[in-house]
Amino acid sequence: VNTGSKPDISREKSAELYEKAKNYFPGGVNSPVRAFKSVYGTPLFIQKGDGCFVWDADGNQFIDFCASWGPLILGHNNAKVREKVTEVMQNGMSFGAPTALENELAELIIKNNRFVEKIRFTSSGTEAVMSAIRLARGYTGRDKIIKFEGCYHGHTDSLLVKAGSGLVTFGETSSAGVPKSFAQETIVLPLNDTEALKQAFDQFKDQVAAVIIEGIPANNGLLMQDAAYIEFLQGICKENNALLIFDEVITGFRLGFEGAAAHYGVKPDIVTYGKIIGGGLPVGMYGASAEIMGHISPDGGVYQAGTLSGNPVAMAAGIAQLTELLRSGFYKDLNNKTSEFAESIQRFATARNYKIKVFYIGSIFWIAFTDKDKIQTAADIDHNSMEKFKVMHRELLNRGIYLGPSGYEVGFVSAAHTKIELEKAKRAIFDSLDVVFR
Ligand code: PLP
């Protein structure tokens, strides 16, 4: 093992908590990636977050680029979000009845986003996607869904499907417990491949309810698609009367207030959001034209519900966070900071002949151990390169930088990352890369 000049941080308390957690939760965690299976050491138990920092149970401080996997675009414990949540909590936590707060958050979204006329709040991104798929099926009266290899849409059964072996095949389940018959309704195609799309629509003529794609695929590396491909995708959906679903759970309100749809200039038929709209509390959402959303119960025949949907405390967090994002220059500043950060890491690596490529868009970045200029499909990723990520991850933790514990995950810059911290983070990344390539 290639270890650096820095001693390993103490993880004693985290290790103790992890041993305890293993008695309660499968793998000691409530979501698998948190178990640190693909990086060194015991998972860090986080005690506190503030601004761009988190502290673990052993008192180690880190500059955080995981940002709770994306929701915290203003950083941890943002005062505006905290104050609004605290204020609303004084009136109770949940009523299971409509509140004015739901209207307020909906208005903020619909007034400033061309892509949704009517919306429905859920409690997670998974639920939003699951409901969007049901809506597409109910609306079109068709069953089949096309998804892309390398796109993650949450853990709903019909989307826990991986690519089969041919160009156009039915998918195979990628989780035990998903019936084969469900996977038969999901067609998995490679990204960035117009031919595969044409073949799929030929083969399954008049059977495809929807094509779902991540706004910018960001769950398996950052697989940036060409605008021409996305335009083609929209065109072929229209020709075949299939709906185009943009899953913007990561990219929504991250690339800009109108997400990847505005970035590409396409108009998806249904859009799903999550993460940022909840300001760190559990919220998802799907939306579409009033006509399509008219098919949702109680107006229409597609059933979808939730005990905690539109929860007032979660709505409060969303209202406070989105209000900040609408301030003039918010995204420009954040995105400029990110491009400066990503490009200086790239310059450092290039000058030293280190084979890495820093892909970035908006405030999302992904450090790939590759010499390819473009990585646009899942198959373009060299799985062996993850060994290098593993070394870098450990070196970064030892230098006070927290990245999500997997080389397939992207990093997020938040408004709370100041120039000073980004400069510190860069230095730590440079030193860690020196160890990786030593
Ligand atoms: N869709 C995308 C693009 C995601 O990145 C995620 C989660 O990371 C989901 C859906 C599922 O969201 P959640 O984890 O809130 O269920």
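**Notebook: ligand shell, a helix pair and domains**

I looked up the surroundings of the ligand and found that helix 4 (residues 125-140) gives the most to the shell, with three residues; helices here are DSSP runs of H or I of at least four residues, numbered from the N terminus. I note that this is a predicted model, in which local features need pLDDT of at least 70 and side-chain atom pairs count only at pLDDT 80 or more, while totals for chains, interfaces and linings use all residues. Residues are numbered from 1 along each chain as its sequence is written.

The ligand is surrounded by 15 residues, and the closest are Ser-124, Gly-125, Thr-126, Gly-154 and Val-249. A residue is near a molecule if its C-beta atom, placed from the backbone, lies within 6 Å of it. I recorded the classes in this shell as five nonpolar, eight polar and two charged. Ala, Val, Leu, Ile, Met, Phe, Trp, Tyr, Cys and Pro count as nonpolar, Asp, Glu, Lys and Arg as charged, and the others, Gly among them, as polar.

I then turned to helix 11 (residues 330-351) and helix 13 (residues 419-436), which pack at about 25° with axes 10 Å apart. Axes are lines fitted to C-alpha atoms over the stretch in contact, and angles run from 0 to 180 degrees between N-to-C directions. The two helices are therefore roughly parallel, a term for angles under 35 degrees.

Where do the helices meet? Lys-337, Phe-341, Ser-344, Ile-345, Phe-348 and Ala-349 in helix 11 meet Leu-422, Lys-426, Ile-429, Phe-430 and Leu-433 in helix 13, contact being C-beta atoms, placed from the backbone, within 7 Å. I sorted this contact into eight nonpolar, one polar and two charged residues.

Key: Parallel < 35°, antiparallel > 145°, perpendicular 65-115°, else oblique. Contact = placed C-beta atoms within 7 Å.
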